[in-house]
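Here is a short tour of one protein model, written for someone new to reading structures. Keep the 3D view open as you go.

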Amino acid sequence: MNGSTILGLIIAVVVLALCYVLFNFIRIRKMKEGTDEMVEMSGIIRSGASTFLKTEFRVIAIVVIIVAALFSLFVEKTSGLTLILGAVMSSVVCILGMRSATYANVRTANRARESLSIGETVKVALCGGSVSGLSVQAFGLLGFAVILLLGGLSDLEPNGTGFITSMNCVPTVMRITTYSLGCSLVAMFNRVAGGNYTKAADISSDILAKVRNDMPEDDSRVPNVVADFIGDNVNDIAGNCSDLLESFVATMAAAVMIAITLFSGDSALFSATWLFPVVLAGCGMLSCLLGLGFAAVRKMGDNPSKELNLATWISAGLTSLLGLGAAYIIFNNTGLALPESFSLGWITPWLCSVFGVICGIAIGSLTEYYTSADFKPTRRLAEMAPEGEAFIVTKGDAVGSRSCLFPILLIGIALFVSGWLCGTYGIALSALGMLAFVGATVSIDAFGPIADNAGGLAESCHLPAEVRTITDKLDSVGNTTAAIGKGFAIGSAAFATVSLIVAYVQSFLSETTVTGEPVLNMASFIVVAGGIIGGALIEYFSALLTDNTIDSAQYMAKEGDRQLSIPGVLEGTVKPDYNRCVEMAAKEALRKMLLPSILAMLIPIVGGILFGLEFVGGLLVGATICAIPRALFMGNSGGAFDNAKKYIESGALKGHGKGSAAHKAAVTGDTIGDTRKDVVGVALDIFIKMMSTVANTLGPVIKSISLFK
């Protein structure tokens, strides 16, 4: 069976997954929305989220078209089209995911109202989340397979053919990397703008309701509440979809690029090594479809975490089993001469991918331990709340710092073992193994904002207490699944970035050791300088995002205070102007997204032109080493703060319920954590991936025009 036939089969699996996505989307649409108030409020959320995305995509479209034109004119004529394809695939996933979430949120609340069953309510939220998750994997794989099917992998000689001028690039590699870059552009804009939007609204809403006016969190009298609801979808759905789609595509791209660099001299081996990553991704797609399908038909109990984890375990297990079969068929070929780097023969690539699968599951479990109120770290954090804000913030910082060690240790071990087993190709496969079942992980993660919105709607639409009990339970589980999703996104970004750095060094820095491994000389002053600057850029980027968010939150809080001072608003007899706050959040987010997003593109280009390819290599390594623990700290401390507040609100800390001094201290911690987990932490992984993607894409250009040779 040749490569084209196998790619055709993979596309057939993608089409099957998209049919299931369409089926779930239609099923969600047919469910009842609930009371008139619920219909009205959900309509406002849906409209606001759609309006924001439309406005944002107008800006993104301009940037994408300009960048695509530059590639086609000056580098390689088809690379602009593949960049646009990547941006389109990522954008479609964002739109589908957010539309399904804004339909599922009110229907989840209504199912809780009608059934008073946690199990039935979980199914509705998971149905909405599966649209996001399966779309991420299906569209990412579809675009990649189409490029390989139409463009082929035969054009491997450096012969760029731009319409105006030509750079010394490999057209096949350029098409693959620009597809990944198109995904990266959308992901960066979505994460930066979406994070600013949602957290400016969330922080201002929390301050107005819980701190200044002693009102419930999602009280409909607070003007900022609807903007907060919208922000959950903008960032946690659209942003997360584009983020993980980009990681998924980047790891496939890195694996294929390394195969081109290492194995293109042997046609049979090359065919096997570029095909296996794509087949592994297809096996993961099918596994996620089966795992989520099983969860959909299974009768669920009252433990949502157990049911959601089961879907992930099934998807990961099937991915590993199908991947073993794929490795046997592709590499256990009697006529195929395997290289010495395949230390254990045909099973070696599969073992590398399994290390990635195990690492992904383990990072999710560790994140759950440090952020869920079911475990000691978050409970002990909540117990600090009666002592005041300083105690809870300091303890939360300790939880976040402590949570970094084991995930990074796992990543390091997986990279070491994979590299030892199968060289640089094994590292890329380990990264892809972690992302091969991304459809399931994104589906579970999307459950979080849907459940959060459902709880908010139950509160703001004055549903009975027993309904809010169910939605609060789902919201708490959703906070944990969202934290796990962020941990997975950061872990996968670490793997994806390392594989991209390896591909960069393999492709553009030709010096090797006696074992044939590519070398980036870390003792070189050029590399060290790049590493130090890369680390400093992470701190600057974090500060830039934090400043932007807190400035926007302050601006929105002032508007909320102004509206609450209008006679009748605080009393509930006059409706606040929700649209005013929605417009403010959108305007601020869009205004402040350009600089951070453009920095990620320009830094490797400018650094490479001024100081050369080695400097860029150091820049990528330094930024990655600093960004991974920083992102984990931000995500896990923020998740622990959030669930510590929820733990107190549930009444679990006797004598310190809602409205108490301990609760207000926990709210302060949660407010600090909001920017950490939903703005900085999730944007850092995009930042390092995008710099690495730009470096791989423009390596030939930098090499041609660098001032430092």
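## Two loops and a helix

In this predicted model, H462 counts as exposed, because its relative accessibility of 55% lies over the 50% cut-off. You can find H462 in the loop that links α13 (438–460) to α14 (465–508). Its backbone deserves a look too: phi of H462 is near 60°, a positive value in a residue other than glycine.

Now move to L116, which sits in the loop between α3 (79–115) and α4 (118–151). Here phi is near 50°, again a positive value in a residue that is not glycine. Is L116 buried, partly exposed or exposed? With a relative accessible area of 47%, L116 is partly exposed, because that value falls between the 20% and 50% cut-offs.

The table puts positive phi values side by side, adding G651, which comes just after α18.

| Residue | Place | Phi |
|---|---|---|
| L116 | loop between α3 and α4 | near 50° |
| H462 | loop between α13 and α14 | near 60° |
| G651 | just after α18 | about 90° |

That brings us to helix α18 itself, which covers residues 613–649. How far apart should its ends be? At 1.5 Å a residue, its 37 residues should span 54 Å, and the end C-alpha atoms are 53 Å apart, so the two values agree. Along the way, α18 has a kink of about 25° at A627, shortly before the proline P629. Most of this helix is covered, with 32 of its 37 residues buried.

Note on methods. Residues are numbered from 1 along each chain as its sequence is written. This is a predicted model: local features need pLDDT of at least 70, side-chain atom pairs count only at pLDDT 80 or more; totals for chains, interfaces and linings use all residues. Side-chain values use heavy atoms; hydrogens and water are left out. Helices (H or I, at least four residues) and strands (E, at least two) are DSSP runs, numbered from the N terminus. The expected span of a helix is 1.5 Å times one less than its number of residues. The bend at a residue is the angle between axes fitted to the seven residues ending there and the seven starting there. Buried means under 20% relative accessible area, exposed over 50%, partly exposed in between (1.4 Å probe, protein chains only).
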